[in-house]
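Colleague: Got a minute to walk me through this one? I'd like the overall picture before the details.

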Amino acid sequence: MEKAKVYFTDMRALPGTNLLMKLKKLMYAAGMNQIDFDGKFAAIKIHFGEPGNLSFLRPNFSKVVADTVKELGGKPFLTDCNTLYVGQRKNALDHIDAAYENGYTPFSTGCHVIIADGLKGTDDIEVPVNGGEYCKTAYIGRAIMDADVFISLTHFKGHEMTGFGGALKNIGMGCGSRAGKMAMHRDGKPSVDPELCRGCHTCAKNCANSAITFDENHKAHINHDNCVGCGRCIGACNYDAISNTNGSALDDLNCKMAEYAKAVVDGRPCFHISIVNQVSPYCDCHGENDTAIIPDVGMFASFDPVALDQACADACNAAPVIPGSLLDDRLHEHDHQDHHDHFTDVHPTTNWKSCLDHAEKLGIGTKEYELVKID
């Protein structure tokens, strides 16, 4: 397969310009204006951020994308699907409140917010997955599938189950309805190491399905009949007491995520943007954000989400480690095995490459890319 072009601009903004101007220039250089937006509905898939988290993308970035879509004749809307876990984004009303709290209002972004899978996360469409090995169909939020054009606007950051959250995760996991998210997660059921558990109950507070109970010694136990495998408890535990004991489950999750992304992008114009700043070790789904693990890198854009994720990962791995970050902590642990990969060093049980490998196999894109720098 021919190398994909990935366009990049750094985060420098000298007098006379700014990052928003650079983003627009990047989108045009990457060819977004080649898409026929005339009279078309354009879904801009974004993560609004869990309230309390401050590393999510500023809404100013989404306004640039929405304004550009309108300039090209399209009808943009910002969208995401509801979540499985405890938080303020489990239903459309709370989800929109969370988006507004974080600045994603029609007044600040120039377009409306639509929660793609409806009030309770049940408004979805069963979409065929061409070539799917794990999922023959995918449950995707209806508003996303109703759109004529699909744009992913991604905050590139770490993730405790997938290594990092990039374009493919924003598309695959993010566009799955609640039923879709359950289908992707169901092979991964975490367990608790009683030797490490402190009985702090933080995991239970982050479980939306009443799957966690405590014994007479105040040790947590997970009922796999109730657990949906969302992994929220893994990220919530400060003592590494919870892990996924199914060795293949995280790779299975990555492959299912790629197949869901395939269902979303097939058969219509798509364009992808990733902002690599405030690279927190955890997902923006957390109601908090740890300090960034590397300095801000830049902004990337491509028609190919696989190449985009690969380029972002390569750029992050070439960046220096921020002292005092979780990545720095991991590298200084006495028993740490250096994987020479920032994301695997932060979350050693993850393997982000399996998602990209499977996405490439499905024909979504290629990991081979040519990086085109835009000043």
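Modeller: Sure, here is the fold as a whole, then some salt bridges and one loop residue.

Modeller: This is a predicted model, where local features need pLDDT of at least 70, side-chain atom pairs count only at pLDDT 80 or more, and totals for chains, interfaces and linings use all residues. Residues are numbered from 1 along each chain as its sequence is written, and side-chain values use heavy atoms, with hydrogens and water left out.

Colleague: OK, how many helices and strands does the protein have?

Modeller: There are 14 helices and 16 strands. Those are DSSP runs numbered from the N terminus, helices being H or I with at least four residues and strands E with at least two.

Colleague: And why call it as compact as a globular protein of that length?

Modeller: Its radius of gyration is 20 Å, close to the 21 Å that the globule rule gives for 375 residues, so it is as compact as a globular protein of that length. The radius is taken over C-alpha atoms, and the rule is 2.2 Å times the number of residues to the power 0.38. Along the principal axes, the C-alpha atoms fill a box of roughly 65 × 45 × 40 Å.

Colleague: What share of the residues is buried?

Modeller: 57% of the 375 residues. Buried means under 20% relative accessible area, exposed over 50%, and partly exposed in between, with a 1.4 Å probe and protein chains only.

Colleague: How about the surface, what does it come to?

Modeller: About 15300 Å² is accessible, and 50% of that belongs to carbon and sulfur atoms. The areas come from the Shrake-Rupley method with a 1.4 Å probe; for residues, only the protein chains shown count as cover.

Colleague: Switching to charges, how many positive and negative side chains are there?

Modeller: 35 positive and 49 negative, with the centres of the two sets 5 Å apart. Lys and Arg count as positive, Asp and Glu as negative, while His and the chain ends are not counted. Each charge is placed at NZ of Lys, CZ of Arg, CG of Asp or CD of Glu.

Colleague: And how many salt bridges?

Modeller: The count comes to 17, taking a salt bridge as a side-chain nitrogen of Lys or Arg within 4 Å of a carboxyl oxygen of Asp or Glu. One of them joins D10 and K22, at 2.8 Å from N to O. D10 sits in strand 1 (residues 4-10) and K22 in helix 1 (residues 19-30), so the pair ties together parts that are 12 residues apart in sequence.

Colleague: Is K22 buried or exposed?

Modeller: K22 is buried at 8% relative accessible area, whereas D10 is partly exposed at 21%.

Colleague: Give me another pair. What is the N to O distance for D123 and R142?

Modeller: 2.7 Å, in a salt bridge between the two side chains. D123 is in the loop between strand 4 (112-115) and strand 5 (124-128), R142 is in helix 5 (residues 142-146), and the two are 19 residues apart. Salt bridges with shared partners also join D10, K22, K373 and D375 into one network.

Colleague: Last one: where is V297?

Modeller: V297 is in the loop between strand 14 (270-276) and strand 15 (298-302), and counts as buried at 15% relative accessibility.

Colleague: What is V297 in contact with, beyond its neighbours within four places in sequence?

Modeller: F8, D10, M11, V276 and A315, where contact means heavy atoms within 4.5 Å.
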